[in-house]
Amino acid sequence: QMSFITPLVPFAERWIITMKKKYSISMICAPKDSFDEIVEFIVLQESILHIDIIDQDFSDFEGFDINEIVKIREKYPSAIIDIHIMAQHPEKYVKFCIEQKCNLITFHIEGQQDTMALLSEINMAGLKAGLAIKPDSKVEMLYNYLDYVSLINVMTIFPGPAGQKFQKQELNKVVCLNNLKNEKAYTFDIEVDGSCNEKHFYMIEK
């Protein structure tokens with residue numbers, strides 16, 4: 001559906017690989033002066049709002065103002081919200097995300113949480129749980145949890161500002177995870193996260 005999404009390509013930092021590829025639009029990249037219009041456009045197209053919550057214990061870069069999530073959910077109760085928590089202790093934010101009925105709640109495998117307990121908490125709330133992995137982490141860290149996630153977020157940049165160099169070698173993790181899906185009939189989607197734009201779509205689509 002490239003026709004309606006083309007105006008948002010500069011913000012399309014994430015790409016979810018499913019049976020049909022989907023955009024998950026990075027709201028942290030949206031300009032402030034047209035933020036509301038962009039949110040409305042994405043919601044009306046039934047596309048996905050990707051929102052980064054970044055804690056200073058994980059990255060120096062400032063994340064999304066979580067109060068905006070409340071405003072978006074109140075104004076657009078049917079919006080599809082894809083949360084990416086970058087924090088050493090993501091449990092600090094998970095309860096809030098559950099209360100706001102965020103559709104996808106993803107946190108990092110590198111954090112200091114009880115990973116299984118947190119995945120269970122999200123799943124028990126009737127929402128989709130996901131795990132994210134940084135470029136300098138090994139994909140094997142995810143293997144014990146693949147039965148319990150709806151999404152794996154493979155980062156192709158390091159947690160921090162948009163516009164970083166696309167780490168194309170991280171697509172090897174996508175290939176590995178996709179092979180595991182086919183071999184073991186896992187049901188998780190794969191999300192490619194970071195500098196996903198018109199320059200890199202051709203690599204992701206291969």
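In this predicted model, strand 3 (residues 48–54) and strand 4 (residues 80–86) run parallel and are joined by 7 bridges. One of the pairings places isoleucine 54 opposite methionine 86, its bridge partner in strand 4. Between the two strands the chain passes through helix 3 (residues 66–75), and the resulting β-α-β crossover is right-handed. Strand 3 itself is mostly covered, with 7 of its 7 residues buried, and this holds for both of its faces: Ile48, His50, Asp52 and Ile54 are buried on one side, while Leu49, Ile51 and Ile53 are buried on the other.

A further buried position is found in strand 8 (residues 189–193), which includes aspartate 193. Because the relative accessibility of aspartate 193 is 0%, this residue counts as buried, the cut-off being under 20% relative accessible area. The side chain of aspartate 193 is nevertheless provided with a polar partner, as it makes a polar contact of 2.8 Å with the side chain of asparagine 153.

Turning to the helices, the axes of helix 4 (residues 91–99) and helix 5 (residues 115–124) come within 10 Å and cross at roughly 5°. Since angles under 35 degrees count as roughly parallel, helix 4 is therefore described as roughly parallel to helix 5. Where these two helices meet, Glu91, Val94 and Ile98 are the residues contributed by helix 4, and Leu118, Glu121 and Ile122 those contributed by helix 5.

Technical notes
Residues are numbered from 1 along each chain as its sequence is written. This is a predicted model: local features need pLDDT of at least 70, side-chain atom pairs count only at pLDDT 80 or more; totals for chains, interfaces and linings use all residues. Side-chain values use heavy atoms; hydrogens and water are left out. Buried means under 20% relative accessible area, exposed over 50%, partly exposed in between (1.4 Å probe, protein chains only). Helices (H or I, at least four residues) and strands (E, at least two) are DSSP runs, numbered from the N terminus. Two strands pair if DSSP finds at least two bridges between them. A crossover is right-handed if, with the strands pointing away from the viewer, the path from the first strand over the helix to the second runs clockwise. A polar contact is a pair of N or O atoms within 3.5 Å; within protein, one must be able to donate a hydrogen and the other to accept it, and residues adjacent in sequence count only if both atoms are side-chain atoms. Axes are lines fitted to C-alpha atoms, for helices over the stretch in contact, and angles run from 0 to 180 degrees between N-to-C directions. Angles under 35 degrees count as roughly parallel, over 145 as roughly antiparallel, 65 to 115 as roughly perpendicular and the rest as oblique. Contact means heavy atoms within 4.5 Å.
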